[in-house]
Each structure stands twice: as C-alpha cells, then as structure tokens.
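Grab a coffee and work through these exercises with the structure open beside you. Try each task on your own before reading the solution under it.

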Amino acid sequence: MKKLVSSVRPVWLAASSFVLSLHGVPSQAQVPPFELLPVTVTGSGMPRTLGSEIAATSVLTRGDIERSGARDAVSVLNMLGTALVEQQGGPGTAAVVRIRGADSRDTLVLVDGVPLTDVTSGQASLSQIPAELIERVEVVRGNLSALYGANATGGVIQIFTRRGASGGVAPHVGAGVGSRGTRSLDAGVSAGGESLRGRASLGVERTDGFSAADPAVAPTANPDADGNRRQYATVAIDAQLAPDHRMGLDLRYVDGHADYDSTSSFSAATDTHSQHLVQSGATLHGQHKLHPDWTMAWRWAQADERRTDSSVTAFGPSSFGNVLHNRNAALDLNGTLAPGFKLLAGIECLSQSTENTTYTRQSRGTNTLRWGSTYDATWGSVQANVRHDQTSDFGTATTGLLGGRAVLGKGLSAIASLSTSYTPPTLDFLFYDCSPFGFVCSNPSLRPEKGRHLEAGLQWEDASTVARATLFAARYRDKIANDDNFIPQNLNRAKNNGLELSLRAHVAAWSGVAEATLQNPVDADTGQRLLRRVRQQFAMHADYDAGAWAAGAGVRYVGDRRDVVDPFQPIDVRLPSYTVVDASARWTLALAWTLQATLENLFDHRYQPTAGYNGRPRGVFVGVSWRPSP
C-alpha cells in the first residue's frame, strides 16, 4: 500500500484540519483533563498523591498520553527526561530503558503489577505495547528493591491498562493514517454500573517504516525500509460482589511483527531480519475489607511471551526464539495501626521459566516476605520497607529502605531516603550452555550484584505546581562482567552521582511536564564513563487547551554516549547528542468526534538512539475518533 500521508506536507495538513474543525460544533472534551496530583501506588505500595510521595516519581496520565499523540509505550516514555529509551530502529524494534545510569536489566517493568521482565536476559519487551491500552504510567526513579525485589535497582516502570467506567455504555472508534504508510484502526466499549463494569478493546496498526540501521555507520546493513504491524485486544472486568468485597479480571494480548537490521560486520546488504512477538497476560485479583481499618488484597497472574527471530542471509535461512513464562501469586494485608500509621505486609511467589533448551536450568522460583509502613503527620511523613527473597538458584537476599519527608512551610518540604539493592544474575549468565561449541560461557557460581543508594531533595508545591530537585548517589559492587576467557564473573564496581529536576504544572489553559537528569555514571575503579550512559538528559512537553481546540509541543535532549556498533568487534564509538521536537494539535468536532494531528521530529533531525541505528525521522500522523458521552 502506498504511503497515505507525505511527511513534506505538514503545513497543508494542519491548515486542512483547521478548516474542517470550523464546521464542527464544540462538544464535551474527549481528552481527560490535566491532573496536577494524580494518585500513585508504585513508590510505597499504598495509594498516595504525587506530591506526597517520598520516592522520586513521574506520572503520565491518560490525558498526557492523548495530548501528546504518542502511539506506543516507547513514545510515551520518551516524554520523560529521567528515563533513557534505547531503541534499535523504528516502531516494534527492540528497546530497553535505563534509569539513573543503571544497567537496562536494573529497570523492572510491570503491567498491572505483574513483572514483564525476561528471566533469561533481565530485560523487558515493551516496544509492541500500544499507547491505546495504557491508562497511566508510573516511573519511580531510584532503587525500590525493598518493595519489588529483583531488577528494581535503577527504578520501576509500572504500566496500568485501561479499565471500564460506571455510568452507562461508552463506545469508542478511532482511525489514523500517517507518514511511511502508517495506518491504524481501534475500537472499544466501556460499560457498567456501580456493581459491575468492564472495558473491551481491540486494534490494528501497520507501518512501512524506515531503514532501522544507518548505512553511514553500518555499511553492511540492508538499507530497505523496516516495517511493523501489530494487533491487540484487552478485556477488563471489575465486580463489586458485596459492599466491602471486589474482584477483577484482566486479559491482554499483543501480536507484533517487526522487521529490523543487523549492524554486525558479518551481515550483508541483502540480509533480512524480522521478529514475531506475541505477549499475553491474565490477572485475577480481589480486595476484601476484613475490618473497618484492615483490607486483604490478593492477585494471581500469568504473563507469557513468545519471540521468534527469522533471518535470511548468505548462510541461508535461520530461525531462533524463546518462550517465556511468568507466574505470580501475591497476598497483602494493609491497614491502620494508629492515626496516620499504616502497615503493609505481604507474601509473594514468582515462578519464571523459559522453554529454550540451550539452558542447563530453565526456571527460577522466588518466594518473598515483605513489610512496609508509612506514617503521616502535619510535620511530614516517614516510610520504611524490608523485603526478604528466597530464590531457587542463588540463595537469599534481604533489602531495606528508609525515607522521610519534612514539611518546611510555604509549600516547601525536604525529602531523603537510604536503601539497599540487589540484581540477580540472569539465566544467560548462570546457565547458558555453550558446551556444544566447545567452550564455557556461563557461571553458576555468580552472586547477585549489590548496591547502596542515597538521595536527598527539596520539593515545592502549590495549587498549580509540583517541583522537585533530587540529589542521588549509588554505589554498586560485584558487577558482572566477562573475564579474559569470556566467562562472566563478579568483577567490577560502579558508581553514579547526579541531580534530577522535575516539574508538573497547570496554569490557566496551560499545562506541562518537564524533567532533567545530570549525572556521572562511571566504573568505580577506572573512572571511565559506563557504556550507553548519558550525563545530561532533558524532556519537556507543554499544552494549551482552548476547549474547542488545543495544541502542544515537546522537546527531548539526550547527551552523548559511549557505545559499540558491532557486538563482534567491540570498539567504542561516541554517539553525539541530539534534540528532537514534536508537536500536536487537536480539534473537537460535532457529535463527539475529535480530530488530532501529530508531527514527529519536526525538524527532521538525524540521530542514533543506539549505535548504528536510526531514530525516527519526521512524520505526520492524523487521527479521528468518536467517543459519545454515556
């Protein structure tokens, strides 16, 4: 199919959309209003408003996502200046996230509380998650091992999927077209009352894409366009069984097929590569009030992922893949011991496994005991957490967190926390079997990486603004690296010191989110900057809402990084810094119709989010949606 919208006609598109909007009669706004203090749960395990969190937390609500025009989880996270997204090409290609200069496997990704992390690599596949499924994203910056255990050393990203609303039937239909042959269609319905409500949605999206690899850096890569196609469906049901008893069921399914390039020196310009990724999940959860001050919550969940990579090269066709399973069961008891003093205690079992037979051990089980408490008073608040994990393949780990917030007056408060962390060795490090090739490439005697974390900051808030500055320091030991024989060992130490700035504000018709990170992640022994780490990063998104129409713009700056183009020839390169500007506009038409236009990479700046791979070029995307009020 030919490209439906040319990226060289953004002005014509914007003008045409504006003329069309003049014929509409303004109706109720279809995009959720800006939330200054959204409720969060990730940083403490208990509901709190953003301004009362001790943990440094970023929140992107459904309204933020829709105003930006973001189409997938990668684009959503790129709105933040405190999370670095590294993607190997266009939509659907592999992507990882780094927070506070930690390893990518130190970022724990959860979907509705369930880990998405791959036990073999320690990373999470999030590039095929469409933005249409996301209600909000909470990103907690810094170590949360005492709450979430493994892989939460750098931070936690929790994606909450959309749910039904009470008050009648509310259907939704949307369609879009854009540059590089992009086209999408989605539909859904939300319905219910006070005792039963639900939401079901499905959608498809295709794009012809662009060349994932940069031929100027990787001349052996195929210069053809690398497209992506995905389809998805979700169901969410919430039932009020009795006044104090609730249950819910969540189902999700995402099926994506992305073409990509290889930057290896062994590749050729005629090679083709593609990945088929299928993710599914099911969660059954409940909440029951046992006493006016005490509530029991439980969850049973499964998350499955099937990846198949297919290539056609000079060596012939080949295919390899992995099938991953996460099974999770949790029981929590939370309540009030005294005025302002809340307690959370829980047990959890997590079973992770792979069906790939190239591992000498294919599963990991973790049993957890956790405890947490918060105390809130007029002078401030205190939070304490302890977690003990017993894991089947490397023993036990106990982590703790202690933090507090002191109210200084006139909207100003001081915040500080101290915590310990651990990151387990992955199955790749422990049990990958290279014996058929005549050598050893894993080490079952590895210990978990350990860390100590300290942060202190100032926060100021009033009726329209929440601003925070946070100093942080992290020290890591027993970092895993290959020795001279390419066998992983606990060899290295690392450290990072930095400053984070964050702002969330709403003034009259203006609203905005801005974040910046200044840091120095280095090898503690040599002082050399760690691979793929930035020292400076910044992002800001601002919107103006006039009711019948709205417009917004975002800017993202990423500093220079050390990287490696060819994994078989690990020679360092220096990736230059880059700045990308995006813009969006929205018009509310008659009969509950909304028209939105998004301009991605306004100035068509060429950049590499990862060595050898292109960032997204300029593109125009136009969508129309119908959302009648229930």
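A residue counts as buried when its relative accessible area is under 20%, as exposed when that area is over 50%, and as partly exposed in between. By that yardstick, buried residues make up 55% of the 630 residues in the chain. Keep in mind that you're looking at a predicted model.

**Exercise 1. The whole chain**

Task: Work out whether the radius of gyration of the chain agrees with that of a compact globule.

Solution:
- Start with the inventory: the chain has 5 helices and 34 strands.
- Next, get the extent: the C-alpha trace spans about 70 × 70 × 45 Å along its principal axes.
- Now take the rule for a globule, 2.2 Å times the number of residues to the power 0.38. For 630 residues this puts a compact globule near 25 Å.
- The chain comes out at 24 Å, so the two agree.

**Exercise 2. A positive patch and its strands**

Task: Find the residues that form a positive surface patch, and say which elements give two or more of them.

Solution:
- Pick out the patch members: Lys 450, Arg 452, Arg 475, Arg 477 and Lys 495.
- Assign them to elements: strand E23 (449-461) and strand E24 (465-482) each give two or more residues to this patch.
- Zoom in on one member, Arg 452, which is found in strand E23. Its relative accessibility is 52%, and the cut-off for exposed is over 50%, so Arg 452 counts as exposed.

**Exercise 3. Salt bridges across the sequence**

Task: For the pairs Glu 449 with Arg 105 and Glu 600 with Arg 180, give the N to O distance, the place of each partner and its burial.

Solution:
- A bit of background: side chains of opposite charge can pair when their charged atoms come close.
- Over the whole structure, a search turns up 50 salt bridges.
- Take Glu 449 and Arg 105: their closest N and O atoms are 2.7 Å apart. Glu 449 sits in strand E23, while Arg 105 is in the loop between strand E5 (95-99) and strand E6 (107-111), so this bridge joins distant parts of the chain, 344 residues apart.
- Check burial. Glu 449 has 3% relative accessibility and therefore counts as buried; Arg 105, with 8%, is buried because it too falls under the 20% cut-off.
- Now Glu 600 and Arg 180, whose side chains meet at 3.9 Å, N to O. This pair also links distant parts of the chain: Glu 600 is in strand E33 (residues 593-600), Arg 180 is in the loop between strand E10 (170-178) and strand E11 (182-192), and 420 residues separate them.
- Both Glu 600 and Arg 180 are buried.

**Exercise 4. A short-range pair and a network**

Task: Describe the salt bridge of Arg 387 with Asp 389, then list the residues of a salt-bridge network that includes Arg 62.

Solution:
- The side chains of Arg 387 and Asp 389 meet at 2.9 Å, N to O.
- Arg 387 has a relative accessible area of 5%, so it counts as buried. Asp 389 is buried as well, with a relative accessible area of 0%.
- For the network, salt bridges link Arg 62, Glu 66, Glu 132, Glu 135, Arg 162, Arg 199 and Arg 627.

**Exercise 5. Positive phi outside glycine**

Task: Asp 112 has a positive phi, and so does Arg 180; say where each one lies and how accessible it is.

Solution:
- Asp 112 isn't a glycine, yet its phi is near 55°. Look for Asp 112 in the loop between E6 and strand E7 (114-115). Its relative accessibility is 18%, so Asp 112 counts as buried.
- Arg 180, again not a glycine, has a phi of about 60°. You met Arg 180 above, in the loop between E10 and E11. At 10% relative accessibility, Arg 180 is buried.

**Exercise 6. A nonpolar patch and a loop arginine**

Task: Name the residues of a nonpolar surface patch of about 490 Å², then place Arg 361.

Solution:
- The patch is made by Leu 196, Ile 237, Leu 249, Leu 251, Leu 284 and Trp 300.
- Within it, Leu 249 lies in strand E14 (residues 245-260) and is partly exposed, with a relative accessible area of 30%.
- Arg 361 sits in the loop between strand E18 (341-354) and strand E19 (363-377). With a relative accessible area of 37%, Arg 361 is partly exposed.
- Finally, the C-alpha atoms of Arg 361 and Leu 430 are separated by 8.6 Å, with the two positions 69 residues apart along the chain.

Methods:
Residues are numbered from 1 along each chain as its sequence is written. This is a predicted model: local features need pLDDT of at least 70, side-chain atom pairs count only at pLDDT 80 or more; totals for chains, interfaces and linings use all residues. Side-chain values use heavy atoms; hydrogens and water are left out. Patches are made of residues with over 30% relative accessible area and no salt bridge: like charges are joined within 9 Å, nonpolar side chains (Val, Leu, Ile, Met, Phe, Trp, Tyr) within 5 Å. Accessible areas come from the Shrake-Rupley method with a 1.4 Å probe; for residues, only the protein chains shown count as cover. A salt bridge is a side-chain nitrogen of Lys or Arg within 4 Å of a carboxyl oxygen of Asp or Glu. Lys and Arg count as positive and Asp and Glu as negative; His and the chain ends are not counted. The place of a charge is taken as NZ of Lys, CZ of Arg, CG of Asp or CD of Glu. Helices (H or I, at least four residues) and strands (E, at least two) are DSSP runs, numbered from the N terminus. Buried means under 20% relative accessible area, exposed over 50%, partly exposed in between (1.4 Å probe, protein chains only).
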